[in-house]
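User: I would like a close look at a single part of this protein, namely the aromatic side chains in its interior and what surrounds them. Please go through it in one connected answer, with the cut-offs behind each term.

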Amino acid sequence: MDDPIVREQFIRLQAARERRRARTRSTVRQAFVLVAFVLLLCVAYTAYKAVGAAIDDAQSEWPIIGSFLPESGDLKMPPVLDIVSGIFAEPRGTGEPFWSIVGKEAAFTLREAAVGFAIGVIVGLGIAIVLTTSGRLERALVPHVIASQTIPLIAIAPIIVIWGRKSFDFLPFEWQDWMSVSIIATYLTFFPVTINGLRGLQSPLPENLELMDSYAARWGQTLWRLRLPASLPYLFAAFKIAATASVVGAIVGEISAGVKGGLGRRVLLEAQRYTTGPERLYVAVLGAAALGIFVFAVISSFEYVLVRRKGQEAVT
């Protein structure tokens, strides 16, 4: 291995193998932590039910806090085994397990959230780029961007759905209610992208900007070659928040606007049928949580490929 080229290739190969091993160990460790957290949560849930039942049987209250905590009866807090069995149970008249029904509705909600996320990223990043061009514009508009998030989502959701049904007749396709839900998801998505994107676009050092100026680089070239690459860590932090917020926006939009087919409608439906099967509402909520974890993991994977992995390769 006296040839320096062969030696360099060998070192790079070893570094790539070590990165793959580290990535595998990290993935296994994260999966273990998630499973351990779920098991610990189940144990705590069961312990709370057991202690609460003993206190109820003794016709007394919780020490110090009195009756502040919720009741732990099976109707309000179904046992963990009932919730697990509810995942595989077949509701009457459906002919398929409940996990399959929730999975299909999660896919419907995921479509709404994905469209809202994509539009929110485009809108948020576009606003951040525009604000980067002028300090006065930034100082004038950023307070309005922040104020936009103070409007209750549950109040504007029906308005957006009604507007969608009556105001988009000029489009070459028929406007559907799920598209309005995507707009609601966009409302929650664009804000973190705008704020973090603005911070990231302003993150390059002054000497780096001066270097681009010395090369007579146009504003667009500076944006593409310097500002956007420098903003990636900030943007992916925003994307993680925005992705989970888009799921929340889609679910809340479905509940508020009465859109059928998604997890929001399922949560509302099972809440109305709570007394006949409380475990199904818990399964629907767990499905929503799993969807949020899924989109977060997808964004994290893209972040690893585009930011962390390239950074590691650049070092080696």
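Analyst: Phe117 is buried, and so is Phe239, where buried stands for under 20% relative accessible area, exposed for over 50%, and partly exposed for what lies in between, with a 1.4 Å probe and only protein chains considered. This is a predicted model, in which local features need pLDDT of at least 70 and side-chain atom pairs count only at pLDDT 80 or more, whereas totals for chains, interfaces and linings use all residues. Residues are numbered from 1 along each chain as its sequence is written, and side-chain values use heavy atoms, with hydrogens and water left out.

The structure holds 3 aromatic pairs; rings of Phe, Tyr and Trp (for Trp, its six-membered ring) are paired if their centres lie within 6.5 Å, and planes under 30 degrees apart count as stacked, over 60 as edge-to-face and the rest as tilted. The ring centres of Phe117 and Phe239 are 6.0 Å apart with the planes at 80 degrees, so this pair is edge-to-face. The two residues belong to distant parts of the chain, Phe117 being in helix α3 and Phe239 in helix α8, 122 residues apart; helices here are DSSP runs of H or I with at least four residues, strands are runs of E with at least two, and both are numbered from the N terminus. For Phe236 and Phe239 the centres are 5.5 Å apart and the planes at 75 degrees, so that pair is edge-to-face too. Phe236 and Phe239 both lie in helix α8, 3 residues apart, which is about one turn of the helix, and both of them are buried. Ring pairs thus link Phe117, Phe236 and Phe239 into a cluster.

From helix α10, the surroundings of this cluster can be followed further. Leaving aside residues up to four places away in sequence, Ile299 touches Phe117, Phe236, Phe239, Lys240 and Ala243, a contact being heavy atoms within 4.5 Å. Phe117, Phe239 and Ile299 are also among the residues that touch the most other members of the largest nonpolar core, together with Val193, Val247 and Leu263, in a core of 35 residues. Such a core is a set of buried Ala, Val, Leu, Ile, Met, Phe, Trp, Tyr and Cys residues joined through side-chain atoms within 4.5 Å. At least two residues of this core are supplied by each of α1 (4-57), α3 (98-132), α6 (177-201), α8 (219-257) and α10 (278-315), and α8 gives the largest share, 10 residues. A second, separate core of 7 residues includes Leu131, Val142, Leu198 and Leu223.

Charged side chains are also found in the interior. Side chains of opposite charge can pair when their charged atoms come close. Here a salt bridge is a side-chain nitrogen of Lys or Arg within 4 Å of a carboxyl oxygen of Asp or Glu, and a search of the whole structure finds 7 of them. Glu105 forms one with Arg266, the closest N and O atoms being 2.9 Å apart; Glu105 is in helix α3 and Arg266 in helix α9 (residues 263-272), 161 residues apart, and both residues are buried. Arg280 forms another with Glu270, at 3.0 Å between the closest N and O atoms, and this pair links helix α10, which holds Arg280, with helix α9, which holds Glu270, across 10 residues. Arg280 counts as buried because its relative accessible area is 17%, and Glu270 is likewise buried, at 1%. Glu105, Arg266, Glu270 and Arg280 are linked in a network of salt bridges. Glu96 and Lys104 also meet in a salt bridge, at 3.2 Å from N to O, but Glu96 is partly exposed because its relative accessibility is 22%, and Lys104 is exposed because its value is 53%.

For the wider setting, the chain has 10 helices and 0 strands, and buried residues make up 35% of its 316 residues. Among contacts with a separation of 6 or more, 73% are between residues 24 or more positions apart.
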